[in-house]
Amino acid sequence: GLLLHAPENTLANFRGCLELRLGFEFDVRQTKDGHLICLHDETVDRTTNGKGKVSELTLEEVRKLDAGSWFDRKFLGEKIPLIEEIFQLLSESKYEVLVAVDLKSNGVESEVVKLAEKYK
């Protein structure tokens, strides 16, 4: 992504990539309650205002976190995106780009494929 222009692994970053017709890579992790989210690290500590392992947090807890203000105040309130939100963003884009998916959690492959197929 555009690591110098927007917080990593956020919809703001991916939107910027799409506007510039740049491909990007995103990471897939699973929350305690089984939801697929986009976060590179095993914990939310570095890129949010929270603490803890993704695998020990529920989606509700993860979505309350701010994933943007650490980067710049203009990204205050940016959320950790659901994988489905990324696929939806890609499907709505007028540009086609190459996207790499890094599966950080085990056993999520079939769900990621289903989402990719759902959003074509």
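**Exercise 1. Work out which residues of helix 1 are buried and what they pack against.**

Solution. Start with the list: L11, A12, N13, F14, G16, C17 and L18 are the buried residues of helix 1. Buried here means under 20% relative accessible area, with exposed over 50% and partly exposed in between (1.4 Å probe, protein chains only). Helices (H or I, at least four residues) and strands (E, at least two) are DSSP runs, numbered from the N terminus. Keep in mind that this is a predicted model, where local features need pLDDT of at least 70, side-chain atom pairs count only at pLDDT 80 or more, and totals for chains, interfaces and linings use all residues. Residues are numbered from 1 along each chain as its sequence is written, and side-chain values use heavy atoms, leaving out hydrogens and water.

Next, seven of the nine residues in helix 1 (residues 11–19) are buried, so the rest of the structure largely encloses it. Their packing partners are strand 1 (24–30) and helix 3 (83–92), with contact meaning heavy atoms within 4.5 Å.

**Exercise 2. Lay out the sheet.**

Solution. Three strands form an open sheet in the order 2-1-3, with mixed pairing. Strand 2 (36–37) and strand 3 (99–103) are at the edges with a single partner strand each, so one side of each lacks a neighbour in the sheet. Strands pair if DSSP finds at least two bridges between them; strands 1 and 3 have five, in the parallel sense. E25 sits opposite A100 in strand 3.

**Exercise 3. Place Y119.**

Solution. Look in the segment after helix 4 (109–118). At 17% relative accessibility, Y119 is buried.
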